[in-house]
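Here is a short set of exercises to work through with the model open in your viewer. Each one gives a task, followed by a solution in steps.

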Amino acid sequence: MSANENRGTNYLNADYGVKSWLLTVDHKRIALLYLIGVTFFFALGGLMAVLIRLELATPAGDIVQADTYNRLFTMHGVVMIFFFLIPAIPGVLGNFLLPIMIGAKDMAFPKVNLASWYIYMAGGLFAAWSMLHGGVDTGWTFYTPFSTAFSNTYVISTAIGGFLAGFSSILTGLNFIVTIHRLRAPGLTWFRLPLFVWAHYATGLIQILATPVLAITLVLMIAERAFKIGIFDPALGGDPILFQHLFWFYSHPAVYIMILPAMGVMSELISAFARKRIFGYKFVAFASVGIAVLGFLVWGHHMFVSSQSPYAGVIFSFLSMLVAVPSAVKVFNWAATLYQGSVSWQTPMLYALGFIGLFTIGGLTGVMLATMGIDIHVHDTYFVVAHFHYVMVGATLMAYMGGLHFWWPKITGKMYSIFWSKVSALLVFVGFNLTFFPQFLLGYLGMPRRYHAYPEDFQVLNVLSSAGASVLGLGYLIPLIYFFWSMRYGKKAESNPWDAFGLEWETSSPPPTFNFSETPTVTLEAYDYARREELRQETRQARTQPVKDA
Amino acid sequence: MRLGFPLFPDSASTLAPKLDAIYFFGLLVSAVCSIGIALVVFYLAVRYRRTPENQVGHREKAGLWLEVAWSVVPLGVMLVMFVWGAQVFFEAQRPPADAVEYYVTGKQWMWKFQHPEGQREINTLHVPVGQPTKLTMTSEDVIHSFFVPAFRGKMDVVPGRYTQYWFEATKPGTYRLFCAEYCGGEHSLMGGSIVVMEERDYERWLAGNRGEAVAGAASGAEIFAAKTCNTCHREDSDLQGPYLQGIFGHEVEMADGTTVMVDENYLRESILDPGAQVVKGYQPLMPTYAGQLSEEELLQLIIYIKSLGAEEGAEASVASSEAAS
């Protein structure tokens with residue numbers, strides 16, 4: 001259809017020059033700006049992870065000093081969470097795909113969309129500035145009164161960085177919600193939306209409702225640190241546990257800001273590479289919303305041993321169990337989708353299958369942590385570190401990588417090396433498990449997190465973990481190379497190289513500036529491969545029929 | 001690098017086997033589910049792989065009963081874990097009535113201990129085997145967390161309040177103590193050890209260290225006198241301030257009719273912020289002692305006030321255990 005008319009001009013070559021990129025309001029170009037931003041911060045956070053794992057290869061604190069180590073894990077957390085995990089999938093894939101998937105020309109508020117990138121970068125620069133001046137050593141959790149009265153590092157400027165990134169996140173969420181409500185193509189009812197869109201809708205809800213609480217918390221923390229206003233520090237009459245309540249009221253839902261978009265990507269990958277409608281579409285869609293809502297009610301499971309009331313702990317434990325149900329429902333539905341599908345083991349699918357394995361382990365260990373009797377032992381140990389890396393790296397990053405490989409031909413119009421992409425997917429999976437599985441054992445053995453030196457008998461497991469990290473690092477380095485390579489030398493991609501279902505595959509690769517030459521009309525249910533096949537056969541017959549008659 | 005390395009922590013408290021049991025249950029559930037799902041996914045992905053004949057997936061079949069089943073069954077398993085976990089948690093939270101109380105103060109980056117007999121130690125705590133041991137803990141600066149992996153469980157040590165942790169060691173030995181809550185700088189070196197001794201050895205140890213001992217109650221009494229607390233808090237004070245004999249562990253009525261349990265945190269608040277919760281019948285006359293007492297002195301004062309009620313409390317616990325038997 002429109003692909004032929006637009007051949008030659010697309011969003012990438014519609015305009016040239018730095019200014020055309022920095023002042024663009026095209027959601028696809030903004031997605032690429034985000035891609036540059038998140039890739040930079042991922043590399044930065046990854047570099048810190050390398051130094052952390054190097055230090056932990058030996059029990060003694062030898063490669064870096066304790067103070068340096070404390071800054072490293074703090075900045076690793078701050079950078080990876082605020083400047084990579086939270087913006088990665090919504091900022092890059094969400095921005096690029098959401099309007100196309102619903103048949104819109106752009107976001108509801110294109111300028112707000114650009115502003116959100118600038119705010120994100122401004123936040124990132126605050127954090128980077130703090131790092132260059134010596135960093136911050138409070139842990140990404142900024143626990144009081146350490147952060148407000150004891151640390152003599154760049155707490156305030158880093159917190160301002162997080163504060164700003166929060167506003168970027170709010171604007172992105174707002175834009176998604178309004179866009180989904182207002183700009184759907186004719187015929188695209190709520191239950192015909194791709195599950196990627198549902199997931200981003202749920203994410204948007206959390207972004208606009210939870211993030212303001214982070215802003216408030218950081219402002220209160222800054223006020224206490226800068227002006228000695230007693231809020232959290234008991235020496236000033238404050239309550240340090242109040243900070244934890246406020247902090248986790250945002251930061252637990254923030255985990256779902258990181259995982260829900262990843263689940264959205266998963267539904268797209270599984271259906272595309274099984275060429276089958278997602279099993280239990282409505283259950284998967286509502287599971288996203290269910291996770292978003294329940295996610296607000298579980299923050300106290302971070303505080304079972306904080307001196308929070310044990311009765312409050314019981315309630316938080318119970319609600320945390322409930323939030324695991326919609327997560328389990330999603331996993332079972334993805335698995336069931338493969339049944340009687342046409343499963344293709346392409347690179348994006350390898351990441352998706354890896355996601356199922358790693359997310360299952362991450363989720364089940366999450367249930368163990370929500371079990372109070374277990375948590376009191378493994379809280380603040382490497383068990384927790386392993387658990388959240390299984391969810392955030394094992395799941396979110398796998399989905400992000402899978403999504404990048406899936407939509408890369410659409411985004412750039414180029415194909416990458418199939419061979420190397422499969423090699424790197426394998427390296428990521430193996431390296432990841434080697435890095436983080438030993439940490440579960442370390443945690444139950446009792447190795448606390450954020451330790452720069454540790455007893456000798458923990459060394460073997462730590463060496464395994466460091467060895468795994470180098471494999472994992474390689475697995476992330478290779479895609480960087482072949483993605484760059486593909487932009488220049490890659491084979492030209494067709495508009496639908498995977499023969500996948502969805503509006504984004506009906507426009508050219510890369511898409512024109514306004515996505516479609518005319519607004520598409522949607523007549524099929526989402527992922528209705530079977531019906532599409534029937535229609536294709538009808539068309540084929542209709543085409544051959546007149547020939548016979550003539 | 002030592003190659004004969006442990007994969008499971010030492011087990012040296014009454015809590016350990018109970019906590020391990022639920023941990024193993026959790027591991028079993030996790031292993032069965034994750035291996036099961038991985039096998040199913042792998043099987044389906046191979047069985048229904050794309051072939052020239054199998055180019056498009058079949059139409060989705062409705063599966064309401066499946067959706068219900070795989071929501072309800074996991075929920076059931078999780079509820080088992082929830083209830084079991086809460087039981088273990090409350091057991092770890094509630095010290096037995098006959099637990100012997102020790103005091104712990106955390107500060108960057110050391111642990112200070114005080115025995116009921118007054119002996120003080122730094123970074124090492126000696127306790128007898130088989131004795132329910134209750135730790136009343138606070139911090140002089142930031143949040144720390146008391147964690148002895150061999151005993152299982154942990155408790156944060158929070159400035160501005162008292163938290164409790166208890167254990168009953170089951171075998172003699174020296175066990176690692178870690179600070180589990182990140183506390184800056186030398187957090188990873190804020191360790192120590194708990195030395196669990198046979199009863200006889202412990203008695204000998206206590207006797208050998210009696211020279212250093214200044215009983216908490218005695219030094220608390222000195223502070224009580226030095227700060228002239230006894231001017232108002234005495235038997236014939238005539239409504240200036242409540243008499244403190246036997247007050248600990250009892251409920252007192254506030255001016256607004258509510259009641260408050262007199263525990264360490266209430267005493268602490270009443271010393272540092274006397275106007276916050278005033279006992280019925282008294283005027284808020286007392287000045288604050290915030291900034292005039294170190295964390296250590298505050299603790300000695302509270303130990304002293306507790307000792308004022310100790311005799312009565314001991315009788316009560318004997319009576320209750322007799323009633324139970």
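**Exercise 1. The interface**

Task: Work out how many residues of chain A are in contact with chain B, and which helix of chain A gives the largest share of that side.

Solution. Keep in mind that this is a predicted model. Step one is the count: 81 residues of chain A are in contact with 78 residues of chain B. Step two is to sort the chain A side by element, where helix α11 (residues 310–338) of chain A gives the largest share, with 13 residues. Step three is to sort that side by class, which yields 49 nonpolar, 22 polar and 10 charged residues.

**Exercise 2. The overall form of chain A**

Task: Find how many helices and strands chain A has, and compare its radius of gyration with the globule rule.

Solution. Begin with the secondary structure: there are 17 helices and 0 strands in chain A. Next, take the radius of gyration, which is 24 Å for chain A; the globule rule gives 24 Å for 550 residues, so chain A is as compact as a globular protein of that length. Finally, look at the extents: the C-alpha trace of chain A spans about 95 × 45 × 45 Å along its principal axes.

**Exercise 3. Two helix pairs sharing α4(A)**

Task: Decide whether α4(A) runs roughly parallel or roughly antiparallel to α3(A), then do the same for α4(A) and α7(A).

Solution. Start with α3 (residues 27–55) and α4 (residues 66–101) of chain A, which pack at an angle of about 155 degrees with their axes 7 Å apart. Angles over 145 degrees count as roughly antiparallel. That makes α3(A) roughly antiparallel to α4(A). The crossing of α3(A) past α4(A) is left-handed. By class, the residues of this contact are 25 nonpolar, 5 polar and 2 charged.

Now turn to helix α7 (residues 155–182) of chain A. Its axis and that of α4(A) come within 11 Å and cross at roughly 20 degrees. The cut-off for roughly parallel is under 35 degrees. Therefore α4(A) and α7(A) are roughly parallel to each other. Here too the crossing, of α4(A) past α7(A), is left-handed. To see the contact itself, select residues of α4(A) including Phe82(A), Phe83(A), Pro90(A) and Gly94(A), and residues of α7(A) including Gly162(A), Ala165(A), Ser168(A) and Phe176(A). The class count for this contact is 10 nonpolar, 8 polar and no charged residues.

**Exercise 4. A sheet in chain B with β1 and β5**

Task: Give the strand order of the open sheet that contains β1 and β5 of chain B, and find the bridge partner of Thr105(B).

Solution. Trace the strands across the sheet: the 5 strands come in the order β3-β2-β1-β5-β8 (chain B), with mixed pairing. At the edges are β3 (120–122) and β8 (163–168) of chain B, each pairing on one side only. Neighbouring strands are turned by 25 degrees against each other on average, direction ignored. Then zoom in on β1 (residues 100–107) and β5 (residues 132–139) of chain B, which pair in the parallel sense over 7 bridges. Within this pair, Thr105(B) has Thr138(B) as its bridge partner. Last, add helix α6 (residues 295–308) of chain B, which lies across β1 and β5 and runs at about 165 degrees to β1(B).

**Exercise 5. Another sheet in chain B**

Task: Identify the edge strands of the open sheet that contains β4 and β7 of chain B, and say why one side of each is without a neighbour.

Solution. First write the order, β4-β10-β9-β6-β7 (chain B), again for 5 strands with mixed pairing. β4 (124–128) and β7 (154–157) of chain B are at the edges with a single partner strand each, so one side of each has no neighbour in the sheet. The twist from one strand to the next averages 25 degrees. Inside the sheet, β6 (residues 144–147) and β9 (residues 173–179) of chain B pair in the antiparallel sense over 2 bridges, and Phe146(B) stands opposite Cys179(B).

**Exercise 6. Backbone exceptions**

Task: Locate the loops that hold Pro510(A), Trp109(B) and Arg275(A).

Solution. Most residues other than glycine have a negative phi, and most peptide bonds are trans. The bond from Ser509(A) to Pro510(A) is cis, with omega near -10 degrees, and Pro510(A) is in the loop between α16 (459–489) and α17 (529–549) of chain A. The bond from Gln108(B) to Trp109(B) is cis, with omega near -10 degrees; Trp109(B) lies between β1 and β2 (110–114) of chain B. Arg275(A), not a glycine, has a positive phi of about 45 degrees and is in the loop between α9 (240–274) and α10 (281–294) of chain A.

Terms used
Residues numbered from 1 in each chain as written. Chains lettered and ligands numbered in written order. Predicted model: local features only at pLDDT ≥ 70, side-chain atom pairs only at ≥ 80, totals over all residues. Pairing = 2+ DSSP bridges. Helix = DSSP H or I, 4+ residues; strand = E, 2+ residues; numbered from the N terminus. Axes fitted to C-alpha atoms, helices over the stretch in contact; angles between N-to-C directions. Contact = placed C-beta atoms within 7 Å. Nonpolar A, V, L, I, M, F, W, Y, C, P; charged D, E, K, R; others polar. Parallel < 35°, antiparallel > 145°, perpendicular 65-115°, else oblique. Left-handed = near helix turned anticlockwise from the far one by under 90°. Rg over C-alpha atoms; globule rule 2.2 N^0.38 Å.
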